[in-house]
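Student: I am new to this structure and would like a close look at a single part of it. Could you choose one helix and walk me through its surroundings with care?

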Amino acid sequence: MDQTLWQYQFRIIMLGDSTVGKSSLLKRYTEDLFMEESMTETVGVDFYVHFLEVELGVRIKLQFWDTAGQERFRSVTRSYYRNSVGGLLVFDMTSRASFDHIKNWHSEVCEQVRPHKVIFILVAHKSDRDEHGERAVSQEEAQKLAAQLGIPYVETSAKTGQNIKEAFELLTRQVYQGLLNGEVKLQEGWDGVKCSNPQALHLQRSSLSQPSASSAKIKKCCG
């Protein structure tokens, strides 16, 4: 299929402290490559593109904005929050501090995007280190935080590839279902979602009787 053709474009932002592995996750998903964090440190914001067919004939162009976690770049990365429709909140499961900072990342984005909505998932990275006894955040703690924020939780490893595809596709399908349900709206001057044919979206929404069984329940930010 010609990669210039897409029905919808979603802007997704990667959020989390420095060295949690946001760039490694994106490298694994978009290029199926693994690189150590020391080789992928982000300065400011990096940009990735990927395509995903969420259902027959519906192709999504995903624009990923990979933000630097360092405080000195925060003023730069904040400017990308407002035009994002989805966010991966990433922490390193071997780092308690990165987990403790997740609420701050979440609330900061919510404040910046009003009145728009961002759909999140919580991602624990470096699950390959769990078997070596390096885990600093239990699965139960992470699941509890995800429940408090009203978002799904996934454990991943860019090194082994565990749940990488599942995490990114879960978020993409939630945004798409939000479009069909009207919880995510196309708006003039907002680049979080773009549609190559807005009339097609209207027709799809009108014909939708109920979400498919495979679609995850949509969670809203700042509702």
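Tutor: What follows looks at helix 1, its partner helix 6 and the core they share, and then turns to other parts of the chain.

Please keep in mind that this is a predicted model. The chain has 223 residues, of which 51% count as buried, and it holds 7 helices and 7 strands, which follow one another along the sequence in the pattern β-α-β-β-α-β-α-α-β-α-β-α-β-α. Among the contacts with a separation of 6 or more, 75% are between residues 24 or more positions apart.

Is helix 1 enclosed or open to its surroundings? Because 9 of its 10 residues are buried, helix 1 is largely enclosed by the rest of the structure. The buried residues are Lys22, Ser23, Ser24, Leu25, Leu26, Lys27, Arg28, Tyr29 and Thr30, a list in which lysines, serines and an arginine stand beside leucines and a tyrosine. Just after helix 1 comes aspartate 32, which takes a positive phi of about 55°.

One of the neighbours of helix 1 is helix 6, and the two pack at an angle of about 90° with their axes 9 Å apart. An angle from 65 to 115 degrees counts as roughly perpendicular, and helix 1 and helix 6 are therefore described in that way. On the side of helix 1 the meeting residues are Leu25, Leu26, Arg28 and Tyr29, while helix 6 brings Ile164, Lys165, Phe168 and Glu169. Sorted by class, the residues of this contact comprise 5 nonpolar and 3 charged ones, with no polar residue.

Phenylalanine 168 in helix 6 deserves a longer look. Leaving aside residues up to four places away in sequence, phenylalanine 168 touches Met14, Leu25, Leu26, Tyr29, Phe64 and Leu88. In the largest nonpolar core, which has 35 residues, Phe168 is one of the three that touch the most other members, along with Phe10 and Leu88. At least two residues of this core come from each of strand 1 (8-15), helix 1 (22-31), strand 2 (45-55), strand 3 (58-67), strand 4 (86-92), strand 5 (119-125), helix 6 and strand 7. Helix 6 gives the largest share, 8 residues. Apart from this core lies another one of 24 residues, including Phe91, Ile102, Val113 and Ala124. In soluble globular proteins, nonpolar side chains tend to be buried together.

A second pair of helices can be set beside the first. The axes of helix 4 (residues 102-113) and helix 5 (residues 139-149) come within 12 Å and cross at roughly 20°, and these two helices are therefore roughly parallel to each other. The crossing of helix 4 past helix 5 is right-handed. Here Ile102, Lys103 and His106 in helix 4 meet Leu145, Gln148 and Leu149 in helix 5, and this contact is made up of 3 nonpolar, 2 polar and 1 charged residues.

Finally, we can follow the chain beyond helix 6. Glycine 189 sits in the loop between helix 6 (164-181) and strand 7 (193-195). With a relative accessible area of 73%, glycine 189 is exposed. Although glycine 189 and asparagine 83 are 106 residues apart in sequence, their C-alpha atoms are 9.2 Å apart in space.

Definitions and conventions. Residues are numbered from 1 along each chain as its sequence is written. This is a predicted model: local features need pLDDT of at least 70, side-chain atom pairs count only at pLDDT 80 or more; totals for chains, interfaces and linings use all residues. Side-chain values use heavy atoms; hydrogens and water are left out. Helices (H or I, at least four residues) and strands (E, at least two) are DSSP runs, numbered from the N terminus. Buried means under 20% relative accessible area, exposed over 50%, partly exposed in between (1.4 Å probe, protein chains only). A nonpolar core is a set of buried Ala, Val, Leu, Ile, Met, Phe, Trp, Tyr and Cys residues joined through side-chain atoms within 4.5 Å. Contact means heavy atoms within 4.5 Å. Axes are lines fitted to C-alpha atoms, for helices over the stretch in contact, and angles run from 0 to 180 degrees between N-to-C directions. Angles under 35 degrees count as roughly parallel, over 145 as roughly antiparallel, 65 to 115 as roughly perpendicular and the rest as oblique. A crossing is left-handed if the near helix is turned anticlockwise from the far one by less than a right angle, and right-handed if clockwise. Ala, Val, Leu, Ile, Met, Phe, Trp, Tyr, Cys and Pro count as nonpolar, Asp, Glu, Lys and Arg as charged, and the others, Gly among them, as polar.
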